[in-house]
Amino acid sequence: MLKMERKTFCMRLCTVLFFTNCVSGNYPKAQNVSWLSINFKTLLMWDSKPFNYSYTVEYSVVGQIREWNQHCIRTMETECDLSNVLTDLKATYSADVFSEPLHRVNSDLTEFPHTSSEGFTPYQDTLIGRPEFKIEVSKDKRKITLYVEDPPVALFNEQNKLKTMRDVFADELQYKVTFGKATSTGKKTKMSASSEIELDRRDIDPGVSYCFNVQAYIPSRSTDKQLGELSQTQCSPGANKSFFEEFGIGVIAGFLLLVITIIVVAIVVTVVCCQRTRKANTSGKEGVPLRSV
């Protein structure tokens with residue numbers, strides 16, 4: 001009976017101590033708080049995954065009153081989507097991640113431990129994703145046109161439709177084209193302020209297949225953030241080539257030499273085999289005695 005009472009007392013004591021620890025605010029600070037933004041889809045991210053506590057995010061334009069995002073209050077996640085609330089794209093924002101008690105758990109702390117982010121300016125800092133484009137070759141093979149699709153962004157216009165990079169950056173949005181002959185490692189570049197990019201005889205050789213990569217370019221940004229992601233490589237079709245152009249004189253000559261060599265070897269083997277057979281027949285006849293008359 002005494003052992004049972006001691007066990008119960010210990011369990012109650014442990015429970016009290018655990019609860020006291022929870023409400024006393026011994027919550028680890030968030031680590032590695034950083035921004036991840038692609039095409040204005042902007043996440044605030046941090047470490048580590050909580051167990052007996054939660055996180056709350058506060059954000060604001062630098063120097064202004066801080067606000068909460070309703071989806072990031074006492075959350076167990078380690079990221080917060082702030083895309084829809086960073087509405088002034090040219091403003092610089094900062095954020096704090098607070099370590100707080102779980103939902104519906106009280107604490108005697110008046111201020112919770114927190115970690116601050118670096119400043120983030122959407123217009124200057126969001127990464128521009130890879131663009132899609134189509135290739136069109138003129139009938140006379142003298143001109144190639146690239147039709148670039150301005151990447152969509154995680155922002156909506158007044159008609160509740162997604163905006164594009166062109167809507168946000170207007171004339172500041174340019175495209176850098178890197179291209180070269182499909183059969184060569186040499187590369188050229190061309191800048192264009194338009195989403196419709198033409199390459200003519202000054203840029204290409206008529207009828208030759210070229211491979212292209214396209215990426216957005218914002219000249220007003222800092223050097224390390226001017227270029228967006230590189231597109232996937234696409235190649236234009238070349239003109240129909242003759243048999244000799246397709247394979248080359250060297251390859252064809254080598255093939256003919258191989259065929260001639262095989263024929264010569266076959267002839268030599270055939271002649272040798274015939275001679276051996278003839279000799280065998282002759283020696284056989286010499287060993288047979290003449291019939292008596």
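**Exercise 1.** In this predicted model, determine whether W46 and Y55 are buried or exposed, and classify the geometry of their ring pair.

*Solution.* Begin with accessibility: W46 and Y55 are both buried. Next take the geometry, since a pair of aromatic rings is described by the distance of the centres and the angle of the planes. The centres of W46 and Y55 lie 5.5 Å apart with 75° between the planes, and because planes over 60 degrees apart count as edge-to-face, the pair of W46 and Y55 is edge-to-face. Finally, place the pair in its surroundings: W46 and Y55 belong to one aromatic cluster together with Y27, F51, Y53 and F112.

**Exercise 2.** Describe the aromatic pair of F40 and F169, and state which parts of the chain the pair links.

*Solution.* The structure holds ten aromatic pairs, one of which, formed by F40 and F169, is tilted, with 6.0 Å from centre to centre and 40° between the planes. This pair links distant parts of the chain, as F40 lies in the loop between β1 (31-38) and β2 (41-47), whereas F169 lies in helix α3 (residues 165-169), 129 residues apart. F40 has a relative accessible area of 2% and F169 likewise has 2%; because buried means under 20%, F40 counts as buried, and so does F169.

**Exercise 3.** Locate D150 and identify the side chains with which its own side chain makes polar contacts.

*Solution.* D150 lies in the loop between β9 (144-149) and β10 (152-156), and at 16% relative accessibility D150 counts as buried. Its side chain makes a polar contact of 2.6 Å with the side chain of Y175, and another of 2.8 Å with the side chain of S195.

Notes
Residues are numbered from 1 along each chain as its sequence is written. This is a predicted model: local features need pLDDT of at least 70, side-chain atom pairs count only at pLDDT 80 or more; totals for chains, interfaces and linings use all residues. Side-chain values use heavy atoms; hydrogens and water are left out. Helices (H or I, at least four residues) and strands (E, at least two) are DSSP runs, numbered from the N terminus. Buried means under 20% relative accessible area, exposed over 50%, partly exposed in between (1.4 Å probe, protein chains only). A polar contact is a pair of N or O atoms within 3.5 Å; within protein, one must be able to donate a hydrogen and the other to accept it, and residues adjacent in sequence count only if both atoms are side-chain atoms. Rings of Phe, Tyr and Trp (its six-membered ring) pair if their centres lie within 6.5 Å; planes under 30 degrees apart count as stacked, over 60 as edge-to-face and the rest as tilted.
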